[in-house]
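Here is a short tour of how some helices and strands pack together. Take a moment with the sequence and the 3D view before reading on.

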Amino acid sequence: MTDFWAGRGILIKHCFFTCVMLVLIFAAPAVRADGTEIESFVLDNHMQVVVIPDHRAPIVTHMVWYRVGAADDPEGQSGLAHFLEHMLFKRTKTLPEGEFSRIVARNGGRHNAFTSADYTGYYQTVAADRLPLMMQLEADRMVNLELDEQDVLSERDVVLEERSMRIDNQPLALLREKMAAALFEEHPYGIPIIGWRRELEKLSLENVREFYRKYYNPANAILIVAGDVTPDQVRALAEKYYAPIPGTPVPERRRPPEPAQEAALRVEHRDERVQQPTWIRSYHAPSYSAGASHHAPALDVLSGLLGSGTTSLLYQKLVVEQKIAVAAGSNYNGTSYDPDTFLLYAIPRPGLAETPEEALKIVEQAVDQVIAEFLADQTDPGMWAEDLKRVKTRLVAEAVYARDSISTMAQIYGQALTTGSTIEDVQNWPQSIRTVTPEDVRAAAGYVLDLRKSVTGLLLPADGAQTGETP
Amino acid sequence: MSIMKPLMNPLMNSLKNSSRLVLVIGGVIGGLLGLFLVPARADIPVQKVITPLGIEAWLVENHTIPLISMKFAFQGGEVRDPVHKQGLSTMVAALLDEGAGDMDARAFQTALENKAIKLGFSSRRERLEGSLKTLSENRHEAFRLLSLALNEPRFDQDAIERIRQQMLTILIRKQEDPGSIASKIFREMVYPEHPYGRDGDGTKDTIRALTRDDLVAYREERLTRDRLVIGVVGDITAQELAELLDLAFGRLADEAIDGYLQDVKAKTPGAVYLHRHPGHQSTILFGHQGLKRLDPDWYAAYVMNYILGGGGLTSRLAESVREEKGLAYSVGTSFQPMEYGGLFIGSLGTQNERATEAIALVQQEIRNLVENGVSEEELQDAKTYLTGSYALNFATSGAIASQLIGAQILGFEPSYFARRNEYINNVTREQIGRVARRLLHPDRLFWVVVGDPAGLDDLPLTKLGQAGKDAGAAH
């Protein structure tokens, strides 16, 4: 659906960058939730089940997550996990083409699916009494998918259009692709989830079938039901619909480890469509379940201090005090199966310098200055304690706010469980944030904000192009 | 079906950013499907709260989770910004929480964050909207800060300049984005002499010219009680709420002073307008005159659109354009009602080589609907989806609060929520046939193409923009 005013900027300062960029990439720190009675159990076929009761409205979100994502794509077949996700909406041995969606719609449900580097998820949100039917459908396509050559050819075109829309039409997304490829030389986080165009164009029916057979079965899946149900109801239904499917051993997830980076990298993307430059830096960072994961809570707090919202250090220095940028901030992604990234960004104000290159140089120096002062412990101690407290309060409150949405809750648990965390990790998250000390934050910052382990990315207009800058 | 970026927050959850849906195809109904839907009814227990100072709000109490979510809106919005002050509503919305009372921007934002209170304002075409979310234990502080923002915003020069730079940046960025480019061309061509044709974000010149006095006047003249609607959901009683509402809204002026607008019809030339833009894909926007929300044909039009291009998963357009031909990842249509008019509008993105084919196919589907109407099965499927999924619009406190203000803006009573499914169920095939002939005019659609398409010349449509012989003739 389009909006007549589609693509208009929305001026919400807290997500200024996100909104302006029209690409969903940066957001607040990873948030987890507490305060609900979660129940979890495992079926005999090794399918894990998580139930998150919420009886405020007679609806449920039913999700099946597979512990497989784009970072598990076979070499040379990038985009396969996501492509298979599309194919699951085709047909099965029992349902003709398109019937899955039609049934869900006819039952008043909304549904969709998503693929990340680490997981693939499918969901329906529907009136609570439709849960059995949703399980029947989801269990069916877990093992009964039927595909032919024609399905693959037409859907491949659809995915290529998706790539055009999400990546090729967005210069910033193209820069992000290059930066990821530079930062992760060996590890598949360097390969785009949607896949390289040249590889996507070649994905075959056989590729899809093989991937499906290998990864789609109950032992590799997690069922999450949130909403107006009881754990007993879910248990009975899961026994009926999912338990009869045999769980088969799933290959261990083994991605090539990323060798330690030793020198700072720089990449740039020049594009005739770019009207205004952007500066981004990504650092290698541990996640909640991989690498030096004890730093993870402190990194969430660090990202809050440095770059979330208008009170953060980067925004205050670059945007408010020095007036050289219109946006500046950070993002930490701690919910990953393997070590991931900590990111800083800045958008210079229009007309900051004669050339876009100079403008980026100015904001880069300013960011480096903020980081250097932070690492050298030159921050006012009183302010520092206040800031730390505020950031922690905000993060902990997010866990309560998250409970307002059954789909958010299901999402949080699904994401944690498919990336190597446990239910207890999610439930203890607020406490782990509360106990972060100033020393923890400094230590985490010192560990991660090391230029030698980073890639700096510059988004620039094409050489000699006229920019839209207005001094 | 969406891509979850590895850098995406769990809360930016996939449900929000994956509205591009999936595939469809009609077919035989298997044994699975013999279900009749008894939709979950949206029985929303709304209390009307009227405060001692006469502020009215709709409240849905729920004490399960210790939070309160409030949405409120001042009707008016960007279309009422004077032509030489385009962008004013946007700037006001951006600055209300940038310092108030004796707190500058940083102090104000710090006060919010100290209690994890989320306060934000956004500017829309026909309203300025506010949103407040707080843990219930912090409600007094939350409403105190809201009261300051509404009644004593500082509009410090420093903050004004900062926001001005951000607004100018947004304008620049929009020139990079095919969807924004297409919207701008469409808007300007279709509404050449009405505020609907303008960009609510402003122009370079108007943004530069806005002054502090403009902001002050806007607050006094347009953030007024006669334009205000409020919806509250969560852990608060009517009595507690009444007191807090008076604190926040009781001091606002009674009546708005602003411009008067007249109804307008979309002017669509039955043409294709090309704007060349690099890339693999052509972004295509199309539309013509639609209808208003209170039009007696609204529900028939709404159900008809679901069948044509509204049901992302199961529409005719998704089926033919995406599913059968692999022409697009997303394709859809909608009716967009506005206070002074309405639009029927659609969009898709397709590879440059096949843009002409895609346009012809969409036209053909629309023509087919006008000539042949819809089948009984399609109508039933549309009804079961639209009625069955209605309850999903009430899934979070914020979503319920949005429904509460939406209904008030339309002048409905709370009983609307329980009746709405009836209105959908009463739609007949005959009505849809009549409404299709009244509202859909495939030959009068105006098409905007942003990209580098091939073969547009083959289309039997007037060529404008860079597709025309006299490039740029339309401007």
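Let us begin in chain A, where Leu131(A), Pro132(A), Met135(A), Gln136(A) and Ala139(A) of helix H4(A) meet Val234(A), Leu237(A), Ala238(A) and Tyr241(A) of helix H9(A). Sorted by character, the residues of this contact are eight nonpolar, one polar and no charged. Please keep in mind that the model is predicted. H4(A) covers residues 131-143 and H9(A) covers residues 231-241; their axes come within 10 Å and cross at roughly 35 degrees. The crossing of the two helices is right-handed.

Now over to chain B, which offers an open sheet of six strands with mixed pairing, in the order E2-E3-E7-E4-E6-E5. Its edge strands are E2(B) and E5(B), each of which pairs on one side only. From one strand to the next, the twist averages 20 degrees.

The residue ranges below should help you find your way around the sheet.

| Strand (chain B) | Residues |
|---|---|
| E2(B) | 47-50 |
| E3(B) | 56-61 |
| E4(B) | 67-75 |
| E5(B) | 118-123 |
| E6(B) | 127-135 |
| E7(B) | 228-234 |

At the E5(B) edge, this strand and E6(B) pair in the antiparallel sense over six bridges. Within that pairing, Phe121(B) has Gly130(B) in E6(B) as its bridge partner.

A helix also meets this sheet: H14(B), residues 397-409, lies across E3(B), E4(B), E6(B) and E7(B). Relative to E7(B), helix H14(B) runs at about 150 degrees.

How values were computed. Residues are numbered from 1 along each chain as its sequence is written. Chains are lettered from A and ligands numbered from 1 in the order in which they are written. This is a predicted model: local features need pLDDT of at least 70, side-chain atom pairs count only at pLDDT 80 or more; totals for chains, interfaces and linings use all residues. Side-chain values use heavy atoms; hydrogens and water are left out. Two strands pair if DSSP finds at least two bridges between them. Helices (H or I, at least four residues) and strands (E, at least two) are DSSP runs, numbered from the N terminus. Axes are lines fitted to C-alpha atoms, for helices over the stretch in contact, and angles run from 0 to 180 degrees between N-to-C directions. Contact means heavy atoms within 4.5 Å. A crossing is left-handed if the near helix is turned anticlockwise from the far one by less than a right angle, and right-handed if clockwise. Ala, Val, Leu, Ile, Met, Phe, Trp, Tyr, Cys and Pro count as nonpolar, Asp, Glu, Lys and Arg as charged, and the others, Gly among them, as polar.
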